Amino acid sequence: MSAARELNQEKIAFIEAAIEHGVLLFGEFTLKSGRKSPYFFNAGLLYTGSLLSSTSKAYAKILTSSRIPEFDVLFGPAYKGIALAAITAVDLSRAGREVGFAYNRKEKKDHGEGGVLVGSPLKGRIVIIDDVLTRGTAIREAIEIIKSQPEATLVGVVQLVDRQERGTGDKSTVQEVEEEFGVPIEPILNLQDIIAYLEKKGGYTKELEDIKEYRKNYGIEI
């Protein structure tokens, strides 16, 4: 697991864009778990060109400067992962790195090319691109799709945000999936990054107090 990491320029730009456009919000939000969270990240609001550009650059940075090993194909699980993987493939291409892009359909198509998989053949080393691992159901479904392809090997997962908080036990969903499948999961942002940015930026005293109290109650050991 990644803990304290450098706030590089791509990460700072992504956080600032997320705050400016209301993607990263501070206040009181009820999560699916029932917990009252002092912050919330709404990936569904990443819908403008500038936001998508900041997002793709942040994904590309993590893919080329983290524990993620060499890879051949980006796989975007339906639905949010599709656009995230596509824009990341474009950004990597602009930097001179050509990789494949594939995604799945929620329902099997019985006409045209048919099937549930679209895009690059799932062969070689695969990295899953997604938004947030909450309960782990969606990521496990994506992993099963990759495992069903005999020539595909999952080598890593990159997600938008790791909340670094416990699930039902002492570990987070990210930690559980890493241990279960033996692959690295790297986030663009984790809770430590958000705290580090707010401390450096200044003017977020109340927000920092609330987030640190939440981390004290629900955070995982780092």
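## A guided tour from T153 to the cores

Begin by selecting T153, which counts as partly exposed because its relative accessibility is 45%. The model on display is a predicted one. T153 belongs to strand 7, which covers residues 152-162. Show its surroundings next: leaving aside neighbours within four places in sequence, T153 is in contact with G124, R125, I126 and I146. For a sense of scale, add G27 to the selection; its C-alpha atom is separated by 41 Å from that of T153, and the two residues are 126 apart along the chain.

**The largest nonpolar core**

Now select F41, L63, F71, L74, V127, I129 and L160. These are the residues with the most contacts inside the largest nonpolar core, which has 42 residues. Helix 2 gives the most to this core, contributing six residues. In soluble globular proteins, nonpolar side chains tend to be buried together.

Centre the view on L74. Not counting residues up to four places away in sequence, L74 touches L63, A85, T88, A89, L92, V99, G100, F101, A102, V127 and I129. Another core, of 18 residues, lies apart from the largest one; among its members are F75, A102, A152 and L154.

**Rings and the charges over them**

The structure holds five aromatic pairs. To inspect one of them, select F14 and F41, whose rings form a tilted pair at 5.9 Å centre to centre, with 35 degrees between the planes. F14 lies in helix 1 (residues 9-20) and F41 in strand 2 (residues 36-41), so this pair ties together parts that are 27 residues apart in sequence. Both F14 and F41 are buried.

Move on to F71, already selected as a core residue. The charged end of R97 sits over the F71 ring, 4.4 Å from its centre. Then select Y39: R163 lies over the face of this ring, at 4.3 Å from the ring centre.

**Salt bridges**

Keep R163 in view and add E165. These two residues form a salt bridge in which the closest N and O atoms are 2.8 Å apart. R163 counts as buried, with 15% relative accessibility, and E165 is also buried, at 12%. Add R35 to complete the group: R35, R163 and E165 are linked in a network of salt bridges.

How many salt bridges does the structure hold? There are 15. Side chains of opposite charge can pair when their charged atoms come close.

Select R67 and E186 for another of these bridges, with 2.5 Å between the closest N and O atoms. R67 lies in the loop between helix 2 (49-64) and strand 3 (73-76), and E186 lies in strand 8 (residues 185-190), so the bridge ties together parts that are 119 residues apart in sequence. Is each partner buried or partly exposed? R67 counts as partly exposed, with 38% relative accessibility, whereas E186 is buried, with a relative accessible area of 2%.

Finish with E180 and R140, whose side chains meet in a salt bridge at 2.8 Å, N to O. E180 lies in helix 5 (residues 173-181) and R140 in helix 4 (residues 137-147), so parts that are 40 residues apart in sequence are tied together by this pair. E180 is partly exposed, at 46% relative accessibility, and R140 is partly exposed as well, with a relative accessible area of 24%.

Notes
Residues are numbered from 1 along each chain as its sequence is written. This is a predicted model: local features need pLDDT of at least 70, side-chain atom pairs count only at pLDDT 80 or more; totals for chains, interfaces and linings use all residues. Side-chain values use heavy atoms; hydrogens and water are left out. Rings of Phe, Tyr and Trp (its six-membered ring) pair if their centres lie within 6.5 Å; planes under 30 degrees apart count as stacked, over 60 as edge-to-face and the rest as tilted. Helices (H or I, at least four residues) and strands (E, at least two) are DSSP runs, numbered from the N terminus. Buried means under 20% relative accessible area, exposed over 50%, partly exposed in between (1.4 Å probe, protein chains only). A charge sits over a ring if NZ of Lys or CZ of Arg is within 6 Å of the ring centre and within 35 degrees of the ring normal. A salt bridge is a side-chain nitrogen of Lys or Arg within 4 Å of a carboxyl oxygen of Asp or Glu. A nonpolar core is a set of buried Ala, Val, Leu, Ile, Met, Phe, Trp, Tyr and Cys residues joined through side-chain atoms within 4.5 Å. Contact means heavy atoms within 4.5 Å.
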